[in-house]
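Please load the model in the viewer and keep the sequence panel open beside it. The tour proceeds by selections, each followed by a short account of what is found there.

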Amino acid sequence: DAMERVKIQYGTSYAYPLSVMSNHVTPVPNAQTGRVASLKTRGDVALFGVFGYELDPRSLDGEDRRLIREQIALSKEYSELLRCGDFYRLLDPFRANSAFAPADAAWIVVSRNRREALVGYYRTRVGVNVPVRYLRLAGLDERVRYAVDEIGFDVERRPRYGDELERVGLALIDGSNCQLHPRVPLGDNLSRIFHLHALDE
């Protein structure tokens, strides 16, 4: 189950690097929990480790097979960052976090030169009329201005300096707290991936 895997990977990261975590996308409904998570969510969880699949692609429709090709391309594009970058835990899925649900989780991988980063955010349950949540990042260069792109969703964001992203945080705007951003879907078991890269001044 993808959201249970978040807990497993979070805990495993205390003892092992991402480069030895075997993270696979499996079929739904999950054989152990019976729950269904989207292929996007399952892929976004598995991305932060040794990425792979344990399913029969012949059983999937054309849209899911297209998404698998995109996920494989994504894992190849960021393989060096994920293998060699510094890993920081941002939200603990085992503890209550202020303004976040207890089961929300987040982490970030930052390149050694701190000019690139990949953020994973995972929401188990959506709230109603919740305020905009700010995810405080870590490991960035406070003096560097970063472009922030959300992978999979066309949401325009202005560049942010590292000190703002670490002290104020990244605004997690979606349809549950702002009708101006309906592109990010509602619902449970949501995953969001953000790519940051430094802008040359």
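A residue is called buried when its relative accessible area is under 20%, exposed when that area is over 50%, and partly exposed in between. By this cut-off Asn 189, at 13% relative accessibility, counts as buried. The model is a predicted one.

**The whole chain**

Begin with all C-alpha atoms of the protein chain, which fill a box of roughly 50 × 40 × 35 Å along the principal axes. The radius of gyration is 16 Å, which agrees with the value near 17 Å for a compact globule of 201 residues. Colouring by secondary structure shows five helices and 10 strands. Of the 201 residues, 49% count as buried. Among contacts with a separation of 6 or more, 67% are between residues 24 or more positions apart. A surface representation exposes about 10600 Å², of which carbon and sulfur atoms supply 50%.

**Helix 3**

Next, select residues 62-77. These 16 residues form helix 3, and the distance from the first C-alpha to the last is 23 Å, close to the expected 22 Å. Which residues of helix 3 are buried? They are Leu 67, Ile 68, Gln 71, Leu 74 and Ser 75. Because they cover an arc of only 125° around the axis, they lie on the same side of helix 3. The face turned away from that buried side carries the exposed residues Arg 69, Lys 76 and Glu 77.

To see what covers the buried residues of helix 3, add the surrounding elements, including helix 2 (39-46), strand 2 (50-53), helix 4 (79-84) and strand 7 (145-151). Then centre on Ser 75, which is buried with a relative accessible area of 14%. Leaving aside neighbours within four places in sequence, Ser 75 is in contact with Leu 47 and Phe 51. At the start of the helix, display Asp 61: one of its side-chain oxygens comes to within 3.2 Å of the backbone nitrogen of Glu 63.

**Helix 2**

Move to helix 2, where seven of the eight residues are buried. Among them are Leu 39, Arg 42, Asp 44 and Val 45. The cover over the buried residues of helix 2 includes helix 1 (2-12), strand 1 (22-25), strand 2, helix 3, strand 5 (116-123) and strand 10 (190-198).

**Asp 92**

Select Asp 92, in the loop between strand 3 (86-91) and strand 4 (105-110). Is this residue buried or exposed? Asp 92 counts as buried, because its relative accessibility is 14%. Its side chain reaches the backbone nitrogen of Phe 94 at 2.8 Å. Not counting residues up to four places away in sequence, Asp 92 touches Tyr 10, Asn 97, Pro 102 and Asp 104.

**Backbone geometry**

The last stops concern backbone torsions. Most residues other than glycine have a negative phi, and most peptide bonds are trans.

- Select Val 28 and Pro 29: the peptide bond joining them is cis, with omega about -5°. Pro 29 is in the loop between strand 1 and helix 2.
- Select Arg 114, where phi is positive, near 60°, in a residue other than glycine. Arg 114 lies in the loop between strand 4 and strand 5 and counts as partly exposed at 35% relative accessibility.
- Finish at Asn 189, which is not a glycine yet has a positive phi of about 55°. Asn 189 is found in the loop between strand 9 (170-172) and strand 10.

Technical notes
Residues numbered from 1 in each chain as written. Predicted model: local features only at pLDDT ≥ 70, side-chain atom pairs only at ≥ 80, totals over all residues. Heavy atoms only, no water. Helix = DSSP H or I, 4+ residues; strand = E, 2+ residues; numbered from the N terminus. Expected span 1.5 Å × (residues − 1). Buried < 20%, exposed > 50% of the residue type's maximum accessible area, 1.4 Å probe, protein only. Arc of directions from axis to C-beta. Contact = heavy atoms within 4.5 Å. Polar contact = N/O pair within 3.5 Å; in protein donor to acceptor, adjacent residues only side chain to side chain. Rg over C-alpha atoms; globule rule 2.2 N^0.38 Å. Areas by Shrake-Rupley, 256 points an atom, 1.4 Å probe, with all protein chains shown as cover.
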